[in-house]
Amino acid sequence: MRQGKYPFVIGFLIAPLALYGMFVLRPIAAAVQVSMTNWSGLSPNFDFVGLENFQKLLDDDKVWLAAKHHVFLLVTLPVITIALALFFAFLLNMGGGTRGGMMTGVWGSKFYRVVFFLPQVLAVVIVGVIFGRVYAPDGSGVLNRFLELFGVDAVQFMAEYGLWSILGVLVWQAVGFYVVLFAAGMSSIPAEIYEAAVMDGASRVTIFFRVTIPLLMETVKVAWVYLGILAMDAFALVMVLSIDEGGPDGATTVLPVQIYKSGIRESDYGYASALGVALAVFTIIFAVLSLRGGKRNAVEH
Amino acid sequence: MANKSEKRSSAGVLNKLSHVALAVWAILIIYPLIFTFLAAFKNNTEIFIGNPFALPSHWDFGSFGRAWTEAKVGTYFLNSLIVVSISTFGTMLLGAMAAYVLARYEFIGNRFIYFLFIAGLAFPVYLALTPLYIVVQELGLLGTHTGLILVYIAYSLPFTVFFLAAFFKTLPNAVAEAAMIDGASHTKLFFRVMMPMAKPGLISITIFNIIGQWNQYVLPVSLLPGGAEGQEKWLLTQGIANISTAAGYQADWPALFAALSIAIIPMIIVYTIFQRQIQSGLTAGAVK
């Protein structure tokens, strides 16, 4: 058929494949391999130690703490973010009430959409540094100064409620993205469905729970997976915001921080790779489970 | 009649509550950013002891100069600009090439290679972090922008290929066939015909990659180690994180906030101008 197809195909694929193989596939394969050695990085010699690193991992308190924190974030981050985002998206699309049988958005909904989405374009690290002052443990902190107005004593946010504080920043940054996502989903729901509901005398609250949410279920599930993956990360925030990078005493640590510390800082390559494998297994199990669960009860429109 | 007006007034209350809820969230988003900008003009005492809601006592722009030169934010900013421009360009070129061939040409191993790229989406970057560090070190690219650029491109490929392959598949065959009959080569067809037709998809993913790579933190912090010489190579995110963690009470906090302002203000300006494209570019992945 076409002449010179193969040279062209090879020519176009060789550079992307080479880079991808070198920096993504090879390290992934090596991670599994290195995780079964005692390579410390200090010497070029290392031995195969089988599952010893994984045994060590199971005995590591910090790892259990980190896993607990991931489970906490895995539940709270999607629930809070999705609830807030659905609520705001609904207000933006339909908070204006009914006009001639049509649901309308609130006044200024465009402005709100732009503002809500803004944190999404800011680097997590930058946001983390800013929140360091928001959460400052005395009257110079934005949040504590605000609470002072209500007679609340200074709260030691990072020292006592570190994980909740980090969750707060994650939610702060994520909500806007899902507002835009859900708002787009809502506006694609046919107007007749709402008209019928309004005709039947359904209130906005009823419409929200009985019409909008069931029809958005697919998008919500996508959001759940995305937020779950975010809950497995949290690296940058923990690094810049928490006390002692994951402290105090491991109270805010997460697996990526443990991987970075033991792999890059301490050159404990074998152990760090085992942690990486554990995190990947954790992430993939979560993704598979939530995608499975998502298939079962889908509502179509 | 009475019933109807009752309904209307309850809708009015709901409407007001909607506005309150939305306005509160808007303030929660905007205030920390305004606070950051104002803190750049304050002095250490005002930041550490003063009222966070107060205005600066005098408008001192000196902190911006100190951040730019002494704290090296200028260097970091330019480094980020150089790295991200080259790596985004490289990502788009290589990603589009691979996606195009995979989407529109039949050959042995096509499905396999496509799957290989997509598989990359499933693995967290932390899995490969340690071996990646070793690979980059073995290649002698540790602490170089070249190394970081190649790594950025490699890690951006799965999503770029995934998205663009879907996009190239939707392009009509007729134009491509006409160009082939006119004697265009495969390469010419790609650059002159298909790339211009794929412009909407390319723009979305370019935005996605620029923002993702600009905000990267774990890769530069792992692959650009410190030291007197290494620090010259640092990117903006890691530079600012370092200023903030290294800073004690006697440090130059106004300069830190000036640095933060320097980092976020361009993003806010670019975002306000291109907000429609940026929103659709970033949400593209979730919609597909």
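**Chain B, first pass.** I started with the secondary structure of chain B and found 13 helices and zero strands. Reading along the sequence, I noted one α after another: α-α-α-α-α-α-α-α-α-α-α-α-α. I should jot down early that this is a predicted model, and I keep that in mind for every entry here.

**How spread out is chain B?** I looked up the radius of gyration and got 25 Å for chain B, where a compact globule of 288 residues would have a value near 19 Å. Its C-alpha atoms fill a box of roughly 80 × 70 × 35 Å along the principal axes. I then checked burial: 44% of the 288 residues of chain B count as buried. For contacts in chain B with a separation of 6 or more, I found that 75% come from residues 24 or more positions apart.

**Domains of chain B.** The domain assignment splits chain B into domain 1 (2–39) and domain 2 (74–287). I asked how far apart their C-alpha centres lie. They lie 37 Å apart. The contact between them takes four residues from domain 1 of chain B and five residues from domain 2 of chain B. On the domain 1 side I counted up the classes as three nonpolar, one polar and no charged residues.

**Chain A, for comparison.** Next I turned to chain A, which has 13 helices and two strands. Its radius of gyration is 24 Å, well over the 19 Å from the globule rule for 301 residues, so chain A is more spread out than a compact globule. The C-alpha trace of chain A spans about 75 × 75 × 35 Å along its principal axes. Buried residues make up 45% of the 301 residues in chain A. Taking contacts in chain A between residues at least 6 apart in sequence, I see 67% joining residues at least 24 apart.

**Where the chains meet.** How many residues does each chain bring to the contact? I found 78 residues from chain B and 78 residues from chain A. On the chain B side, the largest share comes from helix α1 (residues 2–39) of chain B, with 16 residues. I also sorted the chain B side that touches chain A by class: 59 nonpolar, 19 polar and no charged residues.

**Helix α12 of chain A.** Is this helix, residues 255–265 of chain A, enclosed or open? Nine of its eleven residues are buried, so α12 of chain A is largely enclosed by the rest of the structure. I wrote down the buried ones: A:Leu255, A:Pro256, A:Val257, A:Gln258, A:Ile259, A:Tyr260, A:Ser262, A:Gly263 and A:Ile264. Just after α12(A), I noticed that A:Ser267 takes a positive phi of about 55 degrees.

**Another positive phi.** Most residues other than glycine have a negative phi, so I went looking for one more exception. I picked out A:Ala234, whose phi is near 60 degrees, a positive value in a residue other than glycine. Where does A:Ala234 sit? Its place is in the loop between α10 (204–231) and α11 (235–241) of chain A. I checked its surroundings too. A:Ala234 has 28 other C-beta atoms within 10 Å, and the cut-off for buried is 20 or more, so A:Ala234 counts as buried.

Definitions and conventions:
Residues numbered from 1 in each chain as written. Chains lettered and ligands numbered in written order. Predicted model: local features only at pLDDT ≥ 70, side-chain atom pairs only at ≥ 80, totals over all residues. Contact = placed C-beta atoms within 7 Å. Helix = DSSP H or I, 4+ residues; strand = E, 2+ residues; numbered from the N terminus. Nonpolar A, V, L, I, M, F, W, Y, C, P; charged D, E, K, R; others polar. Buried ≥ 20, exposed ≤ 12 C-beta atoms within 10 Å, placed from the backbone. Domains from an automatic or database assignment. Rg over C-alpha atoms; globule rule 2.2 N^0.38 Å.
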